[in-house]
Protein chains: 4
Amino acid sequence: MSVQKSAAPGKTHPDATRRSERSRRAIYDAALTLVGEVGYPKTTIEAIAARAGVGKQTIYRWWSSKADVLLEAFLDLGEQAAQAAGQESHAIPDTGDLAADLKAVLRATVDELRDPKFEAPSRALAAEGVVNEELGRVFVTKLLEPSLQLYVDRLRSAQEAGDIRPDVDPRIALELFVSPLAQRWLQHTAPFSYDYTDTLVDYALYGLAPR
Amino acid sequence: MSVQKSAAPGKTHPDATRRSERSRRAIYDAALTLVGEVGYPKTTIEAIAARAGVGKQTIYRWWSSKADVLLEAFLDLGEQAAQAAGQESHAIPDTGDLAADLKAVLRATVDELRDPKFEAPSRALAAEGVVNEELGRVFVTKLLEPSLQLYVDRLRSAQEAGDIRPDVDPRIALELFVSPLAQRWLQHTAPFSYDYTDTLVDYALYGLAPR
Amino acid sequence: MSVQKSAAPGKTHPDATRRSERSRRAIYDAALTLVGEVGYPKTTIEAIAARAGVGKQTIYRWWSSKADVLLEAFLDLGEQAAQAAGQESHAIPDTGDLAADLKAVLRATVDELRDPKFEAPSRALAAEGVVNEELGRVFVTKLLEPSLQLYVDRLRSAQEAGDIRPDVDPRIALELFVSPLAQRWLQHTAPFSYDYTDTLVDYALYGLAPR
Amino acid sequence: MSVQKSAAPGKTHPDATRRSERSRRAIYDAALTLVGEVGYPKTTIEAIAARAGVGKQTIYRWWSSKADVLLEAFLDLGEQAAQAAGQESHAIPDTGDLAADLKAVLRATVDELRDPKFEAPSRALAAEGVVNEELGRVFVTKLLEPSLQLYVDRLRSAQEAGDIRPDVDPRIALELFVSPLAQRWLQHTAPFSYDYTDTLVDYALYGLAPR
DNA sequence: ACGTAAGCGAGACGGTACGTCGTGTCTTCGG
DNA sequence: CCGAAGACACGACGTACCGTCTCGCTTACGT
């Protein structure tokens with residue numbers, strides 16, 4: 001996968017120093033636009049090349065598949081957004097009130113998942129990752145886990161403050177409220193709302209059984 | 001979508017009474033087999049037709065897409081499995097020990113998700129459902145929700161027994177342990193084990209905060 | 001070929017006495033109309049059946065091919081025209097002036113060949129006959145030769161009158177003026193006119209060499 | 001039609017300078033071979049492509065129809081034969097004896113029409129030309145008329161020599177012996193022989209009426 | 001008069017070929 | 001010497017007809 005940093009053992013990339021930055025950007029833009037317009041399955045490499053004003057070979061030279069192009073385009077989009085947002089931290093706030101902090105972050109996540117600009121490509125990537133293990137691995141590693149790690153950090157801090165039982169595994173704990181939201185979004189099993197995410201946090205923190 | 005009960009407003013199906021049961025079965029078998037053998041993306045309608053000994057048109061006559069064929073084939077597989085299992089109830093056991101009951105069911109689910117016979121087609125359908133809302137809707141309605149309803153029933157019973165707080169919404173509550181498992185399976189975010197599902201049940205029932 | 005009267009040695013026709021005259025007529029009409037409208041190659045048996053309000057099998061029951069249907073339809077058209085024209089003889093007039101008689105008949109032929117009602121089907125049949133020897137044989141036997149025989153008769157009469165050399169073979173002689181006209185019509189090698197057919201008769205009767 | 005020289009007003013051909021000569025030749029060969037083997041109607045574009053080891057698209061890129069492919073293949077065959085024959089003139093011999101010269105050429109024509117190598121494709125093209133005016137036009141222009149022009153030349157020479165009446169139109173005169181032969185061949189109206197063509201020349205030159 | 005067997009309209013079926021589109025490779029040519 | 005342009009072999013698409021095969025349903029015999 002092109003995303004890897006280390007040199008692939010097989011055929012290596014051409015000289016990256018001579019690469020046209022112009023083309024790279026145009027391809028990212030075209031790919032994201034097309035996925036938004038016609039959906040992932042109808043987005044073709046030929047169309048991306050045509051829209052980007054680029055030869056097909058220029059795409060095949062640097063990426064191995066449509067999914068690969070889109071994945072890098074999406075990563076790039078994220079980086080750009082991050083830079084645009086300046087140094088605004090992605091860390092989860094730590095006001096001392098764990099429930100409130102988690103609810104706030106999940107509400108922000110709800111908003112983000114509803115942003116149509118991100119929806120089409122991220123949904124496409126998630127779907128491809130379900131079926132294509134290689135891409136899925138990269139998707140999780142590069143995009144998903146870094147986000148989840150923020151929850152791990154906040155939960156550890158809560159453990160130190162005594163708000164979470166010390167024997168709880170934060171990496172599993174975060175799934176109690178993150179995964180339900182993810183599933184509702186991915187599989188349209190049910191709509192989501194602020195109320196819903198708030199409830200998730202309450203249930204997760206205090207459990208279902210009577211205290 | 002062929003799965004719909006109501007007559008479609010657009011072009012209607014041909015006379016279903018004259019339909020060849022033989023062909024229908026052969027197509028289901030071929031579709032499931034091929035998805036298992038070469039994966040969903042490389043499964044083509046031409047190959048299904050050839051393998052089933054059927055004209056392509058016979059597929060296009062009754063289904064609107066590859067995804068539609070596979071969905072029905074999978075539904076049919078489920079029905080057959082259900083019938084084969086006779087009246088053996090799918091209900092979640094109710095021994096009075098809620099945690100034990102849930103852990104047992106989730107362990108069984110883990111086993112099922114690992115069964116390669118079911119994995120390829122269900123993964124394919126789930127992925128398609130992520131990106132194709134119409135199919136996703138049917139997938140959820142016909143396959144997912146009926147299974148989830150069983151948890152709702154068991155949780156309600158637990159509420160009556162006083163094992164779950166009465167103000168808890170069972171439909172949301174079940175997501176605390178089902179969705180994390182689903183996400184690990186779908187997105188390969190992390191491997192799953194009996195330990196993991198046991199932990200999920202414990203966290204969900206008793207919460208993360210100190211009691 | 002269905003046109004044959006004698007029972008074919010192989011599979012025999014179904015009971016002809018129960019045949020639906022209504023369907024037969026409707027099929028002839030539909031076939032001729034369609035050939036006129038969309039041309040022979042785009043005329044399909046399915047379309048003929050649909051247009052005639054007839055099941056496909058009713059066509060396959062009585063005819064062996066599209067060409068066969070059209071041939072019979074055209075023969076029937078000719079018979080109908082003949083009957084409509086009453087007993088008006090098709091014989092070539094014999095006024096005693098051979099050249100004038102031939103010119104008159106050829107002028108009538110020119111008119112007929114230009115009648116669009118006849119053009120499409122007869123052109124289609126002629127073309128099919130070029131490539132399909134079996135049909136070509138029937139076409140020539142049933143349609144072409146009977147017409148040519150009329151010229152043979154007239155030329156023989158002229159031989160008796162001393163207007164044609166007695167050693168001339170009339171069957172060959174008629175081709176001197178009939179075939180050129182046929183070729184111009186069939187192959188669009190050149191347009192035809194009354195002048196042209198008059199010239200043909202003159203050349204044929206008196207030769208090219210100085211007298 | 002691809003044969004046209006002028007740029008078509010509609011969609012234009014792709015860049016002809018990059019065209020694969022190899023493919024072109026292989027397609028010609030495959031087309032002619034297949035027409036010879038299975039006949040024109042059973043010759044499919046798919047089969048031509050497969051036999052030629054070529055993608056279907058490469059055929060559709062350069063030709064508009066099966067007939068068009070075959071026409072060019074046949075024209076090419078003629079050109080190759082012409083080149084192979086070197087500068088050997090195609091002109092009709094002029095020994096001074098017009099009748100003998102014509103008889104000789106017609107006898108050669110009879111032989112050529114019987115050559116199975118030429119028969120299948122030329123018959124197929126002629127048939128197609130009967131029904132498809134556009135192709136017919138090209139067929140006549142490129143193949144038929146150039147041959148007929150040779151007769152025009154010889155007849156004019158005969159006129160200068162006084163062997164043909166000066167008021168005779170050579171373009172019409174040649175049809176007296178060429179068209180009958182053509183019709184017998186095309187429509188199987190009757191078999192042909194050297195005797196027959198000899199007779200045609202005699203009748204045509206000296207007429208049917210007593211001298 | 002009444003089955004019963006045929007022709008009939010209808011149309012689903014297994015196939016073949018169509019003409020188009022996209023893939024990934026390869027070659028040509030211009031900046 | 002990279003990159004745009006695009007021709008190429010390949011293969012799947014979804015459609016159109018082919019010719020065969022049931023389906024009921026008349027319709028007309030032959031007992």
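Which helices each supply at least two residues of the surface near DNA strand F? They are α3 (56-62) of chain A, α2 (45-52) and α3 (56-62) of chain B, α2 (45-52) and α3 (56-62) of chain C, and α3 (56-62) of chain D. The views below start there and then turn to chain A.

This is a predicted model, where local features need pLDDT of at least 70, side-chain atom pairs count only at pLDDT 80 or more, and totals for chains, interfaces and linings use all residues. Residues are numbered from 1 along each chain as its sequence is written, chains are lettered from A and ligands numbered from 1 in the order in which they are written, and side-chain values use heavy atoms, with hydrogens and water left out.

**View 1. The protein around DNA strand F.** Here 35 residues surround the strand, the closest being A:Thr58, B:Arg18, B:Lys56, B:Tyr60 and C:Lys56 ("near" means that a heavy atom of the residue lies within 4 Å). Sorted by class, this surface has eight nonpolar, 14 polar and 13 charged residues (Ala, Val, Leu, Ile, Met, Phe, Trp, Tyr, Cys and Pro count as nonpolar, Asp, Glu, Lys and Arg as charged, the others, Gly among them, as polar). Helices are DSSP runs of H or I with at least four residues, numbered from the N terminus.

**View 2. Polar side chains at DNA strand F.** Two phosphate oxygens get company: a polar side-chain atom of A:Ser23 sits 3.0 Å from one, and a polar side-chain atom of C:Tyr60 sits 2.7 Å from one. C:Gln57 goes for a base instead, with a polar side-chain atom 2.9 Å from a base nitrogen. Of the strand's atoms within 4 Å of the protein, 67% belong to sugar or phosphate and the rest to bases.

**View 3. Two domains of chain A.** Domain 1 covers 18-84 and domain 2 covers 98-206, with bounds from an automatic or database domain assignment. Their C-alpha centres lie 27 Å apart. The contact (heavy atoms within 4.5 Å) takes 11 residues from domain 1 and 12 residues from domain 2.

**View 4. Where the domains of chain A meet.** About 1100 Å² is buried between domain 1 and domain 2, 92% of it on carbon and sulfur atoms (buried area is the accessible area, with a 1.4 Å probe, that two parts lose on being put together, summed over both). A:Leu71, A:Phe74 and A:Leu75 supply 49% of what domain 1 buries against domain 2, more than any other three residues.

Definitions and conventions
A polar contact is a pair of N or O atoms within 3.5 Å; within protein, one must be able to donate a hydrogen and the other to accept it, and residues adjacent in sequence count only if both atoms are side-chain atoms.
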